[in-house]
Every structure is written in structure tokens, then in C-alpha cells.
Amino acid sequence: MTIRVLLADDQALLRSAFRVLVDSEPDMEVVGEASDGAEAVRLAKEERADVVLMDIRMPGTDGLAATRLISADPALAHVRVVILTTFEVDDYVVQSLRAGASGFLGKGSEPEELLSAIRVAAGGEALLSPAATKGLIARFLAQPEADDKDREGDRSARLDALTGREREVLVQVAAGLSNDEIAERLAVSPLTVKTHVNRAMAKLGARDRAQLVVTAYESGLVRPRAD
């Protein structure tokens, strides 16, 4: 199956470079280009995009607002948003993950990293390495949102629906581990882990693994280490 990719960046030169790279792969194609968030949302629906490479800072409707609109639209439930950022983790990236992005990628990444990120996102995985997750959580704690207390209580209540094993798997997902890594750590099969992940996503109303990570930390199930 060909992965349909939408490019959203206000710099035409970057979009052109990304297009050449993506179109050079046999399993993906660029189906549209947007110079602002509003156009990205419209094209995501019109062109039936699978993955949107979204610049966070654009004029008018920025990448954060566009990500919220895409995540809130049931007709775009299949669309995965990958945030393109100059820095690995900043306030906008954290907000975008809360808004529904599947992960983020630095604009200085190698071409193979970008192509891999598209495939990972299209497969429903999260672009959150253990190192990135640690930085992400530091931001969550340093700059909590005004409604974080209410949010934490709501998410904590939803965690009650999870089984003990599902909670255990969720903790490992929040650490940035893959299904294979979790399976090895818990001495179960990768298929069993995938089943637990899918059930946890359904019970928590999470779009993908990135949203499981957000839920795990915002609910207090996982706490950052002091170091």
C-alpha cells in the first residue's frame, strides 16, 4: 500500500526538498503541499492523506491549531501528524502531542530518518524515543496547563478500566519501548503486547501510542525520575 503524504510548511524550498525525497520511495507519494495550517487541514481531507508532515510555526493557522483540528475531526481519524521542529522538544511540540500528533522529528534529521518516521507514523506507532520521552515529561511538569488538575483526575479515573497487565504494558509504552522490547521485558509474545496496547488505546480513547504516553504521564501512572 502506498503511503499518502501531505507536506505542510511555509517554506517552499523545504517542501520541494521533502517532495523529491518522499517521491523517490516506491511505497509513498506526496499528494499535496500546504503553506499554512488551514490549507493543511483542507488538503488532508481532500487528498485522503495518511501522514501529514507538519511545520509547527506557520502564518495564520499554525501547525498546533491544525493538528487539533485534524485530531478532532472523525473523518480524519486515520490521519497521522508528524511535527517538524527545529528543536527536539519545546513547548509547541509538547502542546502538539497533547493535541493529537503522533510524534515529532527535527528538521535537521537525516533523509532515512524522515522516511522511517513516515512509515512508523503510518503504521500507528509513536515517534517517541526513550530519550525524547524523558525530555517531553520534563516539559509537562515544568509548564503544566491550567486545567491539568482536572485533566489528571479524569484520566486517572479512566485508568480504572485497565487490567493490571494493560497498566504494566502502558508503563512500558510510556518509556518509549517498542512492542518487541516490551515483550522481551515482560516475557510474553509481541502479539500479546500488541493486543494489550490496542485494548488500552480503546479504553482510553487514544488515537495512537503517542496519546498513550501523554495519558500515562498526565494521569500520574508514570512519574519522571529525579535524575
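## Strand β1 and its neighbours

In this predicted model, Ala-8 of strand β1 has Ala-34 as its bridge partner in strand β2. The pairing between β1 and β2, the latter formed by residues 28-34, is parallel and extends over 6 bridges. To pass from β1 to β2, the chain travels through helix α1, made of residues 12-23, and the resulting β-α-β crossover is right-handed.

Strand β1 also pairs with strand β3, which spans residues 51-55, and here the two strands run parallel and are joined by 4 bridges. In β3, the residue that stands opposite Ala-8 is Met-54, while in β2 the bridge partner of Ala-8 is Ala-34.

## Burial of strand β1

Strand β1 covers residues 3-8, and because 6 of its 6 residues are buried, the strand is largely enclosed by the rest of the structure. In a regular strand, side chains alternate between the two faces of the sheet. In β1, Ile-3, Val-5 and Leu-7 point one way, whereas Arg-4, Leu-6 and Ala-8 point the other way, and the residues of both sets are buried.

## The nonpolar cores

Nonpolar side chains tend to be buried together in soluble globular proteins. The largest nonpolar core of this model has 26 residues, and those touching the most other members are Leu-6, Ala-8, Val-52, Met-54, Ile-70, Val-81 and Ile-83. At least two residues of this core come from each of β1, β2, α2 (37-46), β3, α3 (63-72), β4 (80-85) and α4 (91-99). The element that gives the most to this core is α2, with 4 residues.

Val-81 offers a view of the surroundings of one such member: leaving aside residues up to four places away in sequence, Val-81 touches Val-52, Met-54, Thr-67, Ile-70, Ala-101, Ser-102 and Gly-103. Apart from the largest core lies another core, of 21 residues, which includes Ala-174, Ile-182, Met-201 and Val-222.

## The protein as a whole

The secondary structure of the protein comes to 11 helices and 5 strands. Of its 227 residues, 48% count as buried, and the accessible surface comes to about 10,600 Å², with 52% of that area belonging to carbon and sulfur atoms.

Among the contacts in the protein with a separation of 6 or more, 69% are between residues 24 or more positions apart.

Terms used: Residues are numbered from 1 along each chain as its sequence is written. This is a predicted model: local features need pLDDT of at least 70, side-chain atom pairs count only at pLDDT 80 or more; totals for chains, interfaces and linings use all residues. Side-chain values use heavy atoms; hydrogens and water are left out. Buried means under 20% relative accessible area, exposed over 50%, partly exposed in between (1.4 Å probe, protein chains only). Two strands pair if DSSP finds at least two bridges between them. A crossover is right-handed if, with the strands pointing away from the viewer, the path from the first strand over the helix to the second runs clockwise. A nonpolar core is a set of buried Ala, Val, Leu, Ile, Met, Phe, Trp, Tyr and Cys residues joined through side-chain atoms within 4.5 Å. Contact means heavy atoms within 4.5 Å. Accessible areas come from the Shrake-Rupley method with a 1.4 Å probe; for residues, only the protein chains shown count as cover.
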